[in-house]
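Student: Please take me through the aromatic side chains of this model in detail. I would also like to see how the helices and loops around them are laid out.

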Amino acid sequence: VYNGVMYMDFDEKRITDRGYGIYTRLDKNLLPKLYVAYDPTRAEVSGHYHRNLRVLFEQHDSKVVDAMTQFADYAQQAYDCLVRGESEKLPSLINANFDLRDRIFNVSEQNRRMVMTARQAGASAKFAGSGGAIVGTYEDDAMFSRLSEKLDAIGCRVFKPIIPDV
């Protein structure tokens, strides 16, 4: 949507005051090697899931509010690592993101299997949205080959995203 890499800060006060968050464009060259994988038979629409989550958040469900606070902290840490040139710290944050989601929300076995299969290849992995697709980092071509092979074995497609110069 934004033709590049964006860090999005959805601070509640800023959104209340301004009606939108803070969007900061990042240089794509700060990113580590990324992949996206998806199961072509299991695309999921995220609207229903996110609507339910929003209702729980607006009801101040402590489990959801605490998780959202932690997700925001992971995003801030990832942004800080990227701008400091410490992209090697990103895989652990990506994994922590999924691990929190898996503890707090009802992750289907098929979605969990995609993440765990990617991790068995040595890659980091988290959802790219609400399920059916994952995103993560890999270290080198050998790891990408292992990742592709393992995910292909469970019916997933893997690709390296092309991020435009902006």
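Tutor: Let's begin with Tyr2, Phe10 and Tyr23, which form one aromatic cluster. Rings of Phe, Tyr and Trp (the six-membered ring of Trp) count as a pair when their centres lie within 6.5 Å; planes under 30 degrees apart make the pair stacked, over 60 edge-to-face, and the rest tilted. Please keep in mind that this is a predicted model, in which local features need pLDDT of at least 70 and side-chain atom pairs count only at pLDDT 80 or more, while totals for chains, interfaces and linings use all residues. Residues are numbered from 1 along each chain as its sequence is written, and side-chain values use heavy atoms, with hydrogens and water left out.

Across the whole structure, a search finds six aromatic pairs. One of them is formed by Tyr7 and Tyr79, whose ring centres are 4.4 Å apart and whose planes meet at 25°, so the pair is stacked. Because Tyr7 sits in strand β1 (residues 5-9) and Tyr79 in helix α3, the pair ties together parts that are 72 residues apart in sequence. Helices here are DSSP runs of H or I with at least four residues, strands are runs of E with at least two, and both are numbered from the N terminus. Both Tyr7 and Tyr79 are buried, meaning under 20% relative accessible area; exposed is over 50% and partly exposed in between (1.4 Å probe, protein chains only).

A tilted aromatic pair joins Tyr138 and Phe144, with 5.1 Å from centre to centre and 50° between the planes. Tyr138 counts as buried at 9% relative accessibility, and Phe144 is buried too, at 13%. Phe144 has a further partner: the charged end of Lys160 sits over its ring, 4.6 Å from the centre. For that, NZ of Lys or CZ of Arg must be within 6 Å of the ring centre and within 35 degrees of the ring normal. Asp141, by contrast, is exposed at 53%; Asp141 belongs to helix α6 (residues 141-153).

Now back to the helix that holds Tyr79. Helix α3 (residues 62-83) has 22 residues, which at 1.5 Å a residue should span 32 Å, and its end C-alpha atoms are indeed 32 Å apart; the expected span is 1.5 Å times one less than the number of residues. The buried residues of α3 are Val64, Ala67, Phe71, Tyr74, Ala78, Tyr79, Cys81 and Leu82. They cover an arc of only 165° around the axis, which puts them on the same side of α3, the arc being that of the directions from the helix axis to the C-beta atoms. Why can such a spacing build one face? An α-helix has 3.6 residues a turn, so residues three or four places apart point the same way. On the face turned away from the buried side, α3 carries the exposed residues Ser62, Asp66 and Thr69.

Just after α3, Gly85 takes a positive phi of about 75°. Gly85 lies in the loop between α3 and α4 and is exposed, with a relative accessible area of 55%. Its C-alpha atom is 8.9 Å from that of Leu31, 54 residues away along the chain.

Beyond that loop comes α4 (residues 90-104), where Asn97 is placed. The 15 residues of α4 should span 21 Å, and the end C-alpha atoms are 21 Å apart, which agrees. Leu90, Leu93, Ile94, Asn95, Asn97, Phe98, Leu100, Arg101 and Ile104 are buried in α4. Asn97 itself has 16% relative accessibility. Leaving out residues up to four places away in sequence, Asn97 touches Phe71, Tyr74 and Lys126, where contact means heavy atoms within 4.5 Å. Two of those partners, Phe71 and Tyr74, are among the buried residues of α3.

Two more residues round off the tour. Asp39, in the loop between β3 (34-38) and α2 (46-58), counts as buried at 8% relative accessibility. The side chains of Asp39 and Thr41 share a polar contact of 2.7 Å, that is, a pair of N or O atoms within 3.5 Å, where within protein one must be able to donate a hydrogen and the other to accept it, and residues adjacent in sequence count only if both atoms are side-chain atoms. Setting aside neighbours within four places in sequence, Asp39 is in contact with Met114, Gly132, Gly155 and Cys156. Finally, Asn3, in the segment before β1, has a positive phi of about 50° although it is not a glycine, and Asn3 is exposed at 54%.
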